[in-house]
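Subject: Handover of a structure and notes on it

Dear colleague,

Please find the structure below, together with its sequence. My notes follow it, and I would ask you to read them with the model open beside you.

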Amino acid sequence: CGKIKVESRVTANTFIIATGVLPRYPNDCVGAMEFSITSDDLFSLNYCPGKTLVVGASYVALECAGFLRGIGLDVTVMVRSILLRGFDQQMAEKIGDYMKEEGIKFIRPCVPTKIERLKEGEPGLYKVTGKMAGSGEEFVDEFNTVMFAIGRDPCTNKIGLENTKVVRTPAGKIQTVNEQTNEPNIYAIGDVLDGKPELTPVAIE
């Protein structure tokens with residue numbers, strides 16, 4: 001039997017949207033959803049991730065790579081283009097150089113195209129295939145864990161906003177002035193806001 005769906009209607013004078021964001025998976029990498037984790041999952045693993053591939057170049061990606069290396073793991077970072085986009089690039093490259101000195105390997109510029117499971121387990125074993133940008137050369141290696149940290153998407157779909165005039169960006173972020181949307185009785189706070197830093201879990205306050 002399928003689950004019974006219950007629909008309820010809520011009325012209020014004011015609504016606050018605080019649905020946050022979720023880690024993004026690539027839509028052009030075969031096996032990414034099935035055989036990889038995100039930075040959110042990393043902290044709840046009940047086993048050592050082993051040899052790890054971190055895909056991404058954000059501060060979240062580099063921070064995770066840094067502490068995994070700090071506990072003695074074999075860590076590789078796959079970078080599509082530049083490190084820490086939006087930050088001073090001279091400093092970003094210095095950070096990259098320091099991480100290399102600490103034993104972290106970088107594969108750049110490269111994007112993953114396929115992840116295959118070779119062995120089940122905790123951790124398992126996965127074959128990762130990637131494509132080097134520019135040269136088109138193929139990258140192939142095996143890892144125990146593949147972690148994506150390539151950004152986050154706002155959870156603003158399928159919550160009824162299509163029934164309002166609330167303005168969203170193409171990426172789904174909500175545009176506000178002082179946290180008020182263009183609908184006078186609808187507000188938004190936290191990571192769903194357009195142009196605001198994604199740092200503080202204000203929805204739980």
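Strands β8 and β9 form a hairpin with five residues between them, and Gly 134 in the turn has a positive phi of about 90 degrees. Helices (H or I, at least four residues) and strands (E, at least two) are DSSP runs, numbered from the N terminus. Two strands are said to pair if DSSP finds at least two bridges between them.

Please note that this is a predicted model, in which local features need pLDDT of at least 70 and side-chain atom pairs count only at pLDDT 80 or more, while totals for chains, interfaces and linings use all residues. Residues are numbered from 1 along each chain as its sequence is written, and side-chain values use heavy atoms, with hydrogens and water left out.

The hairpin and its sheet

Gly 134 lies in the loop between β8 and β9. Is this glycine buried or exposed? Gly 134 counts as exposed, because its relative accessibility is 87% and the term applies over 50%; buried means under 20% relative accessible area, and partly exposed lies in between (1.4 Å probe, protein chains only). From Gly 134 to Cys 110 the distance is 9.1 Å, C-alpha to C-alpha, with their positions 24 residues apart in sequence.

Strand β8 (residues 125-132) is joined to β9 by six bridges, and the two run antiparallel. Two of the partnerships can be followed by name: Tyr 126 has Phe 143 in β9 as its bridge partner, and Val 128 has Asp 141 in β9.

The hairpin belongs to an open sheet of three strands, in the order β7-β8-β9 and with antiparallel pairing. Its edge strands are β7 (110-119) and β9, each of which pairs on one side only. From one strand to the next the twist averages 20 degrees; axes are lines fitted to C-alpha atoms, for helices over the stretch in contact, and angles run from 0 to 180 degrees between N-to-C directions.

Salt bridges

How many salt bridges does a search of the whole structure find? It finds seven, where a salt bridge is a side-chain nitrogen of Lys or Arg within 4 Å of a carboxyl oxygen of Asp or Glu.

One of them joins Asp 141 and Lys 51, at 3.3 Å from N to O. This pair links distant parts of the chain, 90 residues apart: Asp 141 is in strand β9 (residues 138-143), and Lys 51 is in the loop between α2 (39-42) and β4 (52-55). Asp 141 is partly exposed, with a relative accessible area of 26%, and Lys 51 is partly exposed at 24%.

Another joins Lys 105 and Asp 74, at 2.6 Å from N to O. Lys 105 lies in strand β6 (residues 105-107) and Asp 74 in the loop between α3 (59-70) and β5 (75-78), so this salt bridge ties together parts that are 31 residues apart in sequence. Lys 105 is partly exposed, with a relative accessible area of 38%, and Asp 74 is partly exposed at 32%.

Lys 114 also forms a salt bridge, with Glu 116; their closest N and O atoms are 3.9 Å apart.

Nonpolar cores

A nonpolar core is a set of buried Ala, Val, Leu, Ile, Met, Phe, Trp, Tyr and Cys residues joined through side-chain atoms within 4.5 Å. Which residues of the largest core touch the most other members? They are Val 77 and Phe 106, in a core of 21 residues. At least two residues of this core come from each of α3, β5 and α4 (89-101), and α3 gives the most, with five. Apart from it lies another core, of 15 residues, among them Cys 29, Ile 115, Tyr 126 and Phe 143.

The contacts of Phe 106 (heavy atoms within 4.5 Å) include Leu 62, Val 77, Val 79 and Met 99, when residues up to four places away in sequence are not counted. Val 77 in β5 stands opposite Val 54, and β4 and β5 pair in the parallel sense over four bridges. Both faces of β4 are covered: Thr 52 and Val 54 on one side, and Leu 53 and Val 55 on the other, are all buried.

Domains

The domain assignment of the chain gives domain 1 (1-20 + 155-204) and domain 2 (23-151); such bounds come from an automatic or database domain assignment. The centres of the two domains, taken over C-alpha atoms, are 31 Å apart.

With kind regards
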